[in-house]
Structure formats: C-alpha cells, structure tokens
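Open the model in your viewer and get comfortable with rotating it. This tour tells you what to select at each stop and what you will find there.

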Amino acid sequence: MNPRTNPVVIAGAGPAGLFAAVLLVRAGHRVLVLEKNDGLAMDMRASTFHPATLDLLDPLGLADPLVFRGSITQGWQYMIHGTKQHAVFDLECIRDSTGFPFRLQCEQFHFSNIVVEYLVGSPLFEIRFTHEISEAEDRKGDVLIKALRPGGEYEIRASWLIAADGANSTIRRLLGLAFEGRPLPMASVSLVLDHPFQHDIPGIIGVNYVWTDSGYYSLKQIRNLWRFSYAPRPDQSAEQALSDEVIESHLQSIFPSEEPYRVLQRNYYNLEQRCLESFRYGHVLFIGDAAHLDSPAGGFGMNAGIHDAQCLVEHLVPVLNGKDDRLLDRYSRRRRTVVTEDIQRLAARNDRWRCETDPGQRDVIWKGLQDIVSDPGKTKEYLLNSSMIRSRQREREIG
Ligand SMILES: Cc1cc2nc3c(=O)[nH]c(=O)nc-3n(C[C@H](O)[C@H](O)[C@H](O)COP(=O)(O)OP(=O)(O)OC[C@H]3O[C@@H](n4cnc5c(N)ncnc54)[C@H](O)[C@@H]3O)c2cc1C
C-alpha cells in the first residue's frame with residue numbers, strides 16, 4: 001500500500017489516546033487512531049475520576065454523561081477494619097477550586113465509549129480496529145509507521161505519532177527506549193462483587209482504604225456493585241490467587257458470611273512504577289501508560305494520562321498551525337516533572353501507607369492522618385493534591 005500522509009496518528013484507543021483525539025478534532029485537526037484490538041477494552045481497571053479530570057472534561061460536554069453512568073462520592077476515608085476508626089476526607093472543602101467537589105467512581109470503559117460516541121461522525125476522525133502498529137521510525141520530519149491488519153501490512157507517513165499504546169508500548173520498544181523504574185513489592189487482586197457491603201459494615205462510604213491486622217483492602221462502590229482490591233499472598237501464583245477457593249476464603253476471613261460470595265469479575269495485576277526519560281522523541285510523542293506507570297494507590301494513572309493528553313494537545317496544536325516544534329519539549333518537561341515529582345511521589349506514599357503492617361509505623365501514619373483531618377487548612381491542601389488539582393496548576397508554572 002502506498003504511504004499516505006496524515007497529520008497525526010494515535011497508537012492505541014485507551015483513555016489517553018482517545019482524549020487526545022477529541023481535543024485535536026475539536027481544534028480542527030484530522031486524526032487517525034490505530035487500535036490493535038477489535039474493539040474498545042472492557043476490562044476492569046481505573047474506576048476513579050478525580051475533580052481535576054472532570055474539570056477538564058466538562059467544557060467538552062464529557063463530564064455529565066460520565067457522572068450519569070457512575071457513582072458520586074463526596075468523601076472518602078482511611079479506616080481500620082478491627083476498630084472501625086475513620087479518617088474521613090470531605091471534598092466539599094475544595095469546592096472553591098473545582099466544579100466537581102467529589103470523586104466519581106465509574107469504569108474507564110465508559111469514558112472510552114463516551115469519547116468514541118462523541119467522535120464518530122466527525123469527518124476529521126477515523127479509528128481502525130484490528131490495526132496493530134508493528135514498526136515506527138522517526139525520520140526527522142515525519143514518522144514512518146507500519147501497521148498489521150487482517151490480510152497484511154501497510155505503511156503510513158504521519159507528521160506526528162502519539163504513542164498512547166499503554167504499559168507494554170510497542171512504540172517504546174521499537175524506539176529502544178529505557179523505561180526506568182521498579183516493580184512494586186505487592187501485586188493486586190481486584191474483584192467485583194454484588195454483596196451489599198453498605199448494610200454490613202458500619203460507617204462505610206463510597207471509597208474506603210482499610211487496614212486489616214495483617215494487610216489492607218480497598219472497597220469502592222460503583223452503582224450497586226463493589227470493587228474489592230487487596231494484595232494477594234506473595235507465595236500464590238496469579239492462578240491460585242484468583243481461584244474460587246482462595247478468593248472465598250479471603251473474603252470470609254474479612255467479612256464472615258453464611259452465604260458464599262458471588263464474584264462477578266476477578267483480575268490479578270503486577271504493579272510497577274516507571275517513567276520515560278523524555279515524553280518526546282523527535283516526532284513521536286508519548287502519553288499515558290506508554291510514558292509512565294504509577295501505583296494504582298490513589299487512582300492517578302488514567303487521570304494522569306488524560307492530563308498528559310490535554311497538555312500535549314495544548315502544545316501540539318500551535319505546532320500544527322505553524323509554530324516552532326520546540327514547544328513540544330515544554331510539553332515533555334511539564335508533564336514529566338509533575339508525573340515524577342507529584343503524581344508518582346503521592347502514589348508511592350499511598351502505596352507505602354497501605355502496605356505498612358508494622359504497628360508502630362501504622363501508629364505514626366494514623367496520627368499524621370488525624371492531624372490532617374482535624375485541621376481544615378491541612379485537609380484542603382491534602383485534597384488539592386490528591387484531587388490532582390495541584391499537579392495541573394504546577395504543570396502550567398513550568399517553563
Ligand atoms: C487494578 C488497576 C486499577 C486502576 N485504577 C485506576 C484508577 O482508579 N484511576 C486511574 O486514574 N487509573 C487507574 N489505573 C490505571 C489505568 O487503568 C491506566 O493508567 C490507563 O488505562 C492508561 O490508559 P492509556 O490510554 O495510557 O493505556 P491503555 O488503557 O492501556 O490503552 C492502550 C491501548 O493501546 C492499544 N495498543 C497497544 N499496543 C498497540 C499497537 N502496537 N498498535 C495499536 N494499538 C496498540 C491497546 O490495545 C490499548 O487499547 C488502574 C490500573 C489498574 C491495573
């Protein structure tokens with residue numbers, strides 16, 4: 001097939017790539033999205049949309065349909081399972097900084113679906129499913145891309161390639177880029193349950209991060225379902241950890257019940273924290289999990305990918321309209337700085353807190369949390385960080 005020139009090709013139809021597509025189309029630029037799977041991912045991953053993200057989605061009319069499909073939780077809490085002590089954070093206190101003073105719990109596939117519904121029909125938008133990028137070469141002026149589709153391989157030339165192809169990014173690998181960082185010590189199991197935990201556990205609210213005697217769990221409500229996540233035993237394989245027997249025994253050990261639990265979905269994740277040295281390599285621009293991987297503690301990963309897309313398009317549109325492409329180096333500086341210094345720092349801290357089992361250390365963490373929730377100024381600052389409002393503010397201050 002003859003090479004064709006496209007202004008922007010996006011690799012991957014995840015939340016980051018699709019949000020970049022919306023913003024580019026809105027700015028009047030043609031976009032081609034290549035997605036290796038035969039449809040949008042429907043798996044169970046992100047569920048938390050933070051206020052800073054909803055603020056970004058709102059002007060495009062994307063926040064309301066998402067809120068409609070999910071569950072609002074105005075407060076979230078740390079809790080001790082045995083004593084039922086709480087440290088509750090009420091997002092009402094950041095109302096003057098956001099139009100959405102709550103956390104929205106909604107599966108990320110709803111976001112992807114809403115975005116595609118929004119884009120379909122636009123003459124500027126094309127999405128090709130079952131088209132997998134197999135080669136990408138930055139040719140100092142454009143990018144030569146090869147894609148595999150059923151029936152063969154073809155070439156495209158794009159002015160810019162946005163690599164939004166996720167944690168195992170093919171493009172990162174094709175460019176031979178190091179993805180510095182580390183695996184996190186604990187894996188994570190996530191279950192979806194239809195058990196009415198709200199009737200069983202006194203004081204439970206929409207989002208709960210809970211210490212048990214020897215570990216932790218999180219319990220988050222999405223409509224009438226609950227997502228229950230915890231660290232599996234390190235000596236268990238993924239297969240063992242996800243077996244009916246092990247899951248049932250773990251649930252019974254925390255929430256004894258005469259009835260067996262009905263598990264609607266189950267997943268096992270290895271967790272990593274990594275970041276590229278730069279988010280720009282010539283005409284290849286990285287966003288989302290392809291650029292950085294963060295612990296899910298705090299629910300930052302997908303939100304950060306959406307923020308990357310916003311920041312990238314803010315810089316790419318002037319370049320597409322004729323400005324010097326060095327502007328894109330600022331995109332990389334801005335996002336890489338806040339990812340490593342704010343988002344990964346907070347995610348790693350949350351991860352440390354939840355994994356802590358030493359009673360003395362837990363006591364120190366708990367006293368620190370009580371100190372924050374009992375002081376309105378500290379609570380507000382804490383919530384501006386955890387809601388990702390501060391990282392978006394800081395991004396704009398980086399020259
Ligand atoms: C258990 C768990 C819970 C999480 N909870 C949260 C949360 O509450 N909040 C939050 O913000 N984040 C959360 N995250 C993280 C979030 O799921 C990811 O950060 C998010 O999916 C990243 O989006 P993305 O668009 O960058 O990549 P992805 O969603 O991975 O999308 C990448 C796309 O690229 C496609 N692709 C890959 N290779 C190619 C190729 N060669 N050619 C074409 N297409 C390709 C893939 O098929 C995929 O569709 C969680 C993650 C886990 C594991």
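## Stop 1: around the ligand

Begin by selecting the ligand in this predicted model. It is surrounded by 37 residues, and the closest are Gly 12, Gly 14, Gly 166, Gly 288 and Gly 301. Now colour the elements that give two or more residues to this shell: helix H1 (15-26), strand S2 (31-35), strand S9 (132-138), strand S13 (188-193) and helix H9 (301-320). Which of them gives the most? It is H9, with 4 residues.

Try colouring the shell around the ligand by class as well: you should find 15 nonpolar, 16 polar and 6 charged residues. Both domains take part, since domain 1 and domain 2 each supply at least three residues to the shell.

## Stop 2: the two domains

Next, give each domain its own colour. Select 5-183 together with 272-397 for domain 1, and 188-269 for domain 2. The C-alpha centres of domain 1 and domain 2 are 26 Å apart. Where they touch, 23 residues come from domain 1 and 25 residues from domain 2.

Stay on the domain 1 side of this contact. Strand S4 (71-73), strand S5 (75-80) and strand S7 (103-105) are the elements that give two or more residues to it. S5 has the largest share, with 6 residues. Sorted by class, the side of domain 1 that touches domain 2 holds 7 nonpolar, 11 polar and 5 charged residues.

## Stop 3: helix H4

Select residues 108-119, which form helix H4. These 12 residues reach 17 Å from the first C-alpha to the last, close to the 16 Å expected at 1.5 Å a residue. Show the side chains of Gln 108, Phe 111, Ser 112, Ile 114 and Val 115, the buried residues of H4. Then turn the model until you look down the axis of H4: the buried residues fall within an arc of 165 degrees, so they line one face of the helix. A general rule helps here: an α-helix has 3.6 residues a turn, so residues three or four places apart point the same way.

What covers the buried residues of H4? The cover includes H1, helix H3 (63-69) and H9. Two of these names, H1 and H9, also appeared among the elements around the ligand. Before you leave, click on Gly 121, which follows H4 and has a positive phi, near 105 degrees.

## Stop 4: two loops with a positive phi

Most residues other than glycine have a negative phi. Here are two residues to compare with that rule.

Select Thr 130, in the loop between strand S8 (125-129) and S9. Its phi is positive, near 60 degrees, although Thr 130 is a residue other than glycine. Thr 130 is partly exposed, with 15 other C-beta atoms within 10 Å.

Then move to Arg 223, in the loop between strand S15 (216-222) and strand S16 (225-230). Arg 223 has a positive phi of about 55 degrees and is not a glycine either. Is Arg 223 buried or exposed? It is exposed, because 11 other C-beta atoms lie within 10 Å.

## Stop 5: Leu 327

Finish at Leu 327, in helix H10 (residues 327-355). Leu 327 is partly exposed, having 14 other C-beta atoms within 10 Å. Leaving aside neighbours within four places in sequence, Leu 327 is in contact with His 315, Pro 318 and Val 319. Draw a distance from Leu 327 to His 315: they are 12 residues apart in sequence, and 6.1 Å apart from C-alpha to C-alpha.

Note on methods:
Residues are numbered from 1 along each chain as its sequence is written. This is a predicted model: local features need pLDDT of at least 70, side-chain atom pairs count only at pLDDT 80 or more; totals for chains, interfaces and linings use all residues. A residue is near a molecule or strand if its C-beta atom, placed from the backbone, lies within 6 Å of it. Ala, Val, Leu, Ile, Met, Phe, Trp, Tyr, Cys and Pro count as nonpolar, Asp, Glu, Lys and Arg as charged, and the others, Gly among them, as polar. Domain bounds come from an automatic or database domain assignment. The expected span of a helix is 1.5 Å times one less than its number of residues. A residue is buried if 20 or more other C-beta atoms lie within 10 Å of its own, exposed if 12 or fewer, and partly exposed in between; C-beta atoms are placed from the backbone. The arc is that of the directions from the helix axis to the C-beta atoms. Two residues are in contact if their C-beta atoms, placed from the backbone, lie within 7 Å.
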